[in-house]
Amino acid sequence: MIWGIFKRDMCHATRNVIAVIVSMGLVVVPALYAWFNIAASWDPYGNTKALKVAVANNDKGYKSDLIPVRVNVGETIISTLHANDQLDWQFVKSDKAIDGVKSGEYYAAIVIPKGFSADMMTLFSPDIKHAQLKYYLNEKINPIAPHITDQGATTVVNTIDKTFAKTIAQVGLDLASSILHYSQSPQMAEYMRNLNGNLTTMADTLSGASQQVTSYSQLLGSANDIVDSTGKLLASATKAGKQAQNALKQGKSGATSFTSAGANVTSSVNTALDQVSGAFDQVAAKVNKAFDAIGKGSDTAASQLTALSEQVSSGESLYDTYITSLNHMRESVEQLPDSDSAKQALLEAIDREITLLEAAKGDSQKLAQQLKDASTQVTQDTAAAESSRKEILNRITSAKQSISNVRDDYATNVKPKIDALASTVSTLISQTDSMITQLSGTADGLDDVTGDVGTNVTSIRSTLGAIAKKLDSSAATVKELITKLETGGNAGDGNSDGGDGDNDADSGESDELRALATANASTLSTLISAPVALHRVSVYPIANYGSAMAPFYTILSIWVGAIILCAMLKVTISDREKAHVLGLGDTLPRIAGPSGPGNASRWGLRLDHEYFGRYAIFALLALLQGTLVCLGDTYFLGVQANHALQFLAVGWLAALVFSNIVYTLTVSFGDIGKAVAVVLLVMQVAGSGGTFPIETLPKFFQMLYPFLPFPHAIDAMYAAMAGSYGNEYLLDMVYLALFLIPSLLLGLVLRKPVIRLNNWVSRNLESTKVM
């Protein structure tokens with residue numbers, strides 16, 4: 001069935017002259033598309049001589065007071081560009097150059113400013129200015145021209161840099177050569193002898209100065225020892241003054257504590273004695289009252305006497321408080337200086353006061369005990385109660401007398417001595433403290449003076465030592481210079497008789513300097529101005545730009561050829577053709593139903609027969625297209641193809657894959673499929689990496705890159721042209737062939753559900769009478 005369809009298609013395609021011409025045109029047009037593009041871009045960068053670039057020189061030049069030679073870098077640039085044929089240089093005025101760029105007459109313009117030479121010569125001054133060329137560029141004329149003219153401008157800048165560096169280097173080498181010749185003259189030898197004598201005298205003078213400075217430093221060291229001894233003596237005096245001040249501080253503290261303690265004791269005495277004396281009066285009244293109640297009830301009297309006993313016992317704490325205050329006062333008096341005559345008398349008075357207080361405390365304790373005993377006797381023996389009353393009242397009188405003795409003794413003996421002693425001690429401490437403060441200030445002042453003197457002497461000695469070292473170092477440097485001058489002179493005269501290794505080294509250096517100075521200054525300056533040369537090593541070299549662009553335009557033309565085939569040839573088979581293939585005459589039986597794909601399947605003509613039968617002529621014409629364009633690239637245009645058969649095989653495989661994809665889209669979706677094929681063409685032109693590296697494209701195209709057939713076909717063709725790394729060629733061919741799988745899957749399997757949809761779309765399009 002497939003063969004029958006293909007045979008009838010071939011007969012129809014060659015039935016008349018017009019059909020043959022059209023068939024030939026379908027094969028030739030894609031090749032023409034590729035050849036025109038490849039030939040047009042064969043060597044664009046080699047044909048830049050027609051690009052007009054204006055150059056305007058406004059440089060006024062430069063002339064210095066030191067070197068009366070006029071320098072004009074702008075004129076040097078113009079002379080260099082006259083000999084340059086990379087671009088069509090137009091030498092005009094600056095106004096015309098700028099206006100020509102705006103009008104489009106020139107692609108670009110280079111304007112050399114007035115102070116260009118002066119700015120370049122600032123290299124030898126502290127205030128360096130960067131010399132700048134003004135570069136005007138018209139970017140709307142052509143997208144590639146700006147990059148070409150940029151390269152021309154860069155060439156100008158590089159030429160200026162090399163020329164300037166070469167000039168400076170040549171001047172330096174000429175100067176070095178002149179100095180070397182002058183150094184070998186008799187006049188220079190006389191200068192060197194005089195210089196050596198002066199340097200020897202200078203070295204001796206420096207050594208003597210160093211010795212004098214060292215002696216003076218030692219003399220200052222002896223004076224510094226005397227200053228140190230004086231400083232130590234003053235330090236001892238200062239320490240003694242500080243100890244005396246600490247003692248006075250302690251005396252002040254003791255006097256203050258003593259005065260405070262005296263005031264506290266006086267207050268305690270007055271309060272405590274008044275309370276105790278009044279309490280004894282109350283006790284006497286209560287005792288009489290208790291004994292008067294014996295006749296009424298012994299138990300009541302006993303209870304009252306017991307309460308009085310406890311009251312008297314609780315009053316003993318007042319004695320303890322007073323005794324404690326006196327003891328604190330005694331401690332404060334003991335802190336006073338022993339030389340004070342009133343100290344001992346006051347201590348004795350305080351001790352006597354404490355003894356009286358303890359005696360009064362004993363009387364209170366005995367009174368409390370008698371009251372307690374009386375409470376017992378009242379309940380047991382009423383007759384003895386009266387005797388106990390008299391004893392208790394006598395004990396109360398005795399206790400009150402003891403308290404009066406304590407008060408009188410404190411007022412007569414203790415308090416006056418405390419007041420007198422406090423006043424005397426305070427006055428003495430104040431006078432002594434003032435005197436010691438003055439002495440301490442004097443000692444501190446003297447200590448500061450000696451400290452400053454010692455520090456200054458040490459600093460001066462350190463400075464003199466550093467000066468001595470510098471003088472010694474300078475003397476050694478001058479002597480070393482004398483040695484080198486003498487060695488260099490011997491080496492220069494060529495009269496050395498061997499010498500040591502250093503002399504040999506110096507002689508070698510002189511020989512190298514002499515060789516450098518006598519060499520060709522122009523050659524050396526050229527080397528210095530451009531010390532690095534670029535050695536290009538091509539890996540998988542491509543002959544020219546046309547060959548480099550051939551894979552992209554070739555693959556693109558094969559896809560365009562597939563679209564042209566589907567636009568000019570019918571992709572569906574009519575019922576008349578199906579009937580002839582089946583041998584049923586001119587028409588199918590009515591039971592076949594409406595005309596469309598698969599309606600003759602009951603007679604054996606299946607959908608896959610229709611698909612491959614009609615695709616056969618598409619495949620044949622696509623192979624002819626691929627063959628013609630590849631052979632024309634190789635043998636007509638001369639595109640590089642190191643492996644011609646592999647190059648042709650890529651064209652064949654690309655023709656089959658592309659034609660099948662476009663044919664399947666058209667068979668499945670009709671005119672919409674043709675539009676999809678055009679969209680795929682546009683996407684692959686942008687995202688195939690045929691013109692710019694895929695890494696320079698937007699992220700979307702980088703992600704889309706592996707899923708398009710163009711990149712694999714182009715890579716395989718490059719491998720056939722220049723050589724393959726490993727299995728690179730075979731892998732790209734396999735990846736390209738894999739695109740047949742989804743195409744055949746759509747044409748044979750997925751196509752069935754959309755046949756009715758496609759027929760409905762086609763009917764609606766035809767109903768418009770326009771589409």
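**Close-up views of a predicted model**

**View 1. One helical turn in α18.** Asp671 and Lys674 are separated by about one helical turn, because they sit three residues apart in helix α18. Please keep in mind, here and in the views that follow, that the model is predicted. The two residues form a salt bridge, with 3.4 Å between the closest N and O atoms. Lys674 has a relative accessible area of 27%, so this residue is partly exposed. The pair belongs to a set of five salt bridges found by searching the whole structure.

**View 2. A salt bridge between α1 and α15.** Let us move to Arg8 and Glu577, whose side chains meet in a salt bridge with an N to O distance of 2.6 Å. Arg8 belongs to helix α1 and Glu577 to helix α15, so this contact ties together parts of the chain that are 569 residues apart in sequence. Are the two partners buried or exposed? Arg8 is partly exposed, because its relative accessibility is 24%. Glu577 counts as buried, because its value is 13% and buried means under 20%.

**View 3. A buried salt bridge between α1 and α16.** Helix α1 appears again in this close-up, now through Asp9, which forms a salt bridge with Arg614; their closest N and O atoms are 2.9 Å apart. Asp9 lies in helix α1 and Arg614 in helix α16, and the pair links distant parts of the chain, 605 residues apart. Both partners are buried. Arg614 returns in the next view, as one of the residues that lie nearest the centre of the largest pocket.

**View 4. The largest pocket and its lining.** This pocket has a volume of about 1,300 Å³. Its lining is made up of 49 residues, and those nearest the centre are Leu569, Lys570, Val571, Thr572 and Arg614. Which elements give two or more residues to the lining? They are α1 (2-13), α2 (17-40), α14 (545-568), α15 (575-582), α16 (607-637), α17 (644-669), α18 (671-687) and α22 (740-767). Helix α22 provides the largest share, nine residues. Sorted by class, the lining holds 25 nonpolar, 13 polar and 11 charged residues. Several of these elements will be familiar from the salt bridges: Arg8 and Glu577 lie in α1 and α15, so their contact joins two of the helices named here.

**View 5. A nonpolar patch on the surface.** Here the focus moves to a nonpolar surface patch of about 500 Å², made by Val17, Ile18, Ile21, Val22 and Met568. Helix α2 gives the most to the patch, with four residues. One patch member worth a look is Ile21, which is placed in helix α2. Ile21 counts as exposed because its relative accessibility is 51%, and the exposed class begins over 50%.

**View 6. A positive phi angle at Tyr540.** What value does phi take at Tyr540? The angle is near 55 degrees, which is positive in a residue other than glycine. Tyr540 is part of the loop between α13 (521-529) and α14. With a relative accessible area of 38%, the residue is partly exposed.

**View 7. Two places along α7.** Helix α7 spans residues 186-292, and Gly197 is one of its residues. Gly197 counts as partly exposed, at 36% relative accessibility. The C-alpha atoms of Gly197 and Ile482 are 8.9 Å apart in space, while their positions lie 285 residues apart in sequence. Lys286 is also in helix α7. This lysine counts as partly exposed too, with a relative accessibility of 39%. How many residues along the chain separate Lys286 from Ala307? The two are 21 residues apart, and their C-alpha atoms are separated by 9.9 Å.

**View 8. Asp732 in α21.** The last stop is Asp732, found in helix α21, which covers residues 728-737. Asp732 counts as buried, because its relative accessibility is 8%. Along the chain, Asp732 and Val650 are 82 residues apart, and the separation of their C-alpha atoms is 9.6 Å.

How values were computed. Residues numbered from 1 in each chain as written. Predicted model: local features only at pLDDT ≥ 70, side-chain atom pairs only at ≥ 80, totals over all residues. Heavy atoms only, no water. 1 Å grid on protein atoms, 1.4 Å probe; cavity = no way out; pocket = protein on both sides within 12 Å on 5 of 7 lines; lining within 4 Å. Points joined across faces, edges and corners; volume = space filled by probe spheres on them. Nonpolar A, V, L, I, M, F, W, Y, C, P; charged D, E, K, R; others polar. Patch = residues over 30% accessible without salt bridge, like charges linked within 9 Å, V, L, I, M, F, W, Y side chains within 5 Å. Areas by Shrake-Rupley, 256 points an atom, 1.4 Å probe, with all protein chains shown as cover. Salt bridge = Lys/Arg side-chain N within 4 Å of Asp/Glu carboxyl O. Buried < 20%, exposed > 50% of the residue type's maximum accessible area, 1.4 Å probe, protein only.
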